[in-house]
Amino acid sequence: MIRARMIAVRAAVSQREDKQSRLTARLLDLTKDARTVFCYVSMGSEVDTHAFIHAAAIRQTVLVPHTNADFSMTAVAPIGDLRPDRMGNVEGRPDTREIDVAIVPLLAFNERLYRIGYGKGCYDRWLIGRKVTTVGLAFDEQSVDFEAEPHDCALDCVLTPTKLYTR
């Protein structure tokens, strides 16, 4: 129920281009000291990460997720044009280097910085046991009150066009 509602909320965000530009600039500043950044490749109405990935790749290593058939994830160095398939995968080669910052998608986030994703648990499972700074990207409209589930991982921060939420 909440996922369907938040997909609609995110799809209806107004002034999207302006908000996207602000988010990209703020994210580049937030991650400027990281050596290796792991970032989702956006699709649909998600906060667009393509401009960030291209700009960040000039100064640091950028890895992206590859979701396997069992919904586990692997970090890959992207090859090509960042056009994701239906699983959100782009062509890439596996890369095991240490990641400093992980940028994750979300449908919604709450004041305790838990996120609601698409419900498969890919990012929560991937984050377990990793020593990485986690950043959720969102529009301000995606803030909502909900109770986290026991398997959910809280993020270190959520970045919106107007605010940086931190724990």
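A residue counts as buried when its relative accessible area is under 20%. Asp 95 has a relative accessibility of 13% and therefore counts as buried. The model discussed here is predicted.

Asp 95 sits in the loop between strand 4 (92-94) and strand 5 (101-104). Beyond its neighbours within four places in sequence, Asp 95 is in contact with Leu 63, Ala 75, Val 76 and Ala 77. Asp 95 also belongs to the lining of the second largest pocket. Tyr 123 is 28 residues away from Asp 95 in sequence, and the two C-alpha atoms are 17 Å apart.

The strands around this loop were examined next. Strand 1 (residues 36-39) pairs with strand 2 in the parallel sense, over three bridges. Within this pairing, Val 37 has Val 62 of strand 2 as its bridge partner. Strand 2 (61-67) is mostly covered, with five of its seven residues buried. Strand 2 and strand 3 (residues 73-78) run antiparallel and are joined by four bridges. Val 64 is bridged to Val 76 of strand 3. The two strands form a hairpin, with five residues between them. Phe 71, in the turn, has a positive phi of about 70 degrees. Strand 3 is in turn joined to strand 4 by three bridges, again in an antiparallel arrangement. Here Ala 77 stands opposite Arg 93 of strand 4.

Nonpolar packing was then considered. In soluble globular proteins, nonpolar side chains tend to be buried together. The largest nonpolar core in this model has 45 residues. Phe 38, Phe 52, Ile 53, Ile 103 and Leu 137 touch the most other members. A second, separate core has six residues, including Met 6, Ile 116, Val 144 and Phe 146. Ile 103, in the largest core, has a long list of partners beyond four places in sequence. Among them are Leu 27, Thr 31, Val 37, Phe 38 and Cys 39. Tyr 40, Phe 52, Val 135 and Leu 137 are also in contact with Ile 103.

Thr 134 lies in strand 8 (residues 133-137). Its relative accessibility is 5%, so Thr 134 counts as buried. Outside its neighbours within four places in sequence, Thr 134 is in contact with Ala 102, Leu 127, Ala 154, Leu 155, Asp 156 and Cys 157.

Two pockets were characterised. The largest pocket holds about 610 Å³ of space. Its lining comprises 30 residues. Arg 115, Gly 117, Tyr 118, Gly 119 and Tyr 123 lie nearest the centre of this pocket. Helix 1 (2-11), strand 2, strand 7 and helix 4 (122-127) each supply at least two lining residues. Helix 4 gives the most, with three. By residue class, the lining of the largest pocket divides into 14 nonpolar, seven polar and nine charged.

The second largest pocket has a volume of about 180 Å³. Its lining includes Asp 95, Thr 96, Arg 97, Glu 98 and Ile 99. Ala 75, Trp 126, Arg 130, Lys 131 and Val 132 also line this pocket. The lining of the second largest pocket divides into four nonpolar, one polar and five charged residues.

Backbone geometry and exposure were inspected in the loops. Most residues other than glycine have a negative phi. Gln 15 departs from this, with a positive phi near 50 degrees. Gln 15 is found in the loop between helix 1 and helix 2 (16-30). With a relative accessible area of 59%, Gln 15 is exposed. Leu 113 also has a positive phi, of about 70 degrees, and is not a glycine. Leu 113 lies in the loop between strand 6 and strand 7. Its relative accessible area is 1%, so Leu 113 is buried.

Glu 111 is found in the loop between strand 6 (108-109) and strand 7 (115-116). The relative accessible area of Glu 111 is 70%, so this residue is exposed. Glu 111 and Val 158 are 47 residues apart along the chain, and their C-alpha atoms are separated by 9.6 Å.

Note on methods
Residues are numbered from 1 along each chain as its sequence is written. This is a predicted model: local features need pLDDT of at least 70, side-chain atom pairs count only at pLDDT 80 or more; totals for chains, interfaces and linings use all residues. Side-chain values use heavy atoms; hydrogens and water are left out. Buried means under 20% relative accessible area, exposed over 50%, partly exposed in between (1.4 Å probe, protein chains only). A nonpolar core is a set of buried Ala, Val, Leu, Ile, Met, Phe, Trp, Tyr and Cys residues joined through side-chain atoms within 4.5 Å. Contact means heavy atoms within 4.5 Å. On a 1 Å grid over the protein atoms alone, a cavity is a set of points where a 1.4 Å probe fits but cannot get out, and a pocket is an open set with protein on both sides within 12 Å along at least five of seven lines; lining residues have an atom within 4 Å of a point. Grid points are joined across faces, edges and corners, and a volume is the space filled by probe spheres set on the points. Ala, Val, Leu, Ile, Met, Phe, Trp, Tyr, Cys and Pro count as nonpolar, Asp, Glu, Lys and Arg as charged, and the others, Gly among them, as polar. Two strands pair if DSSP finds at least two bridges between them.
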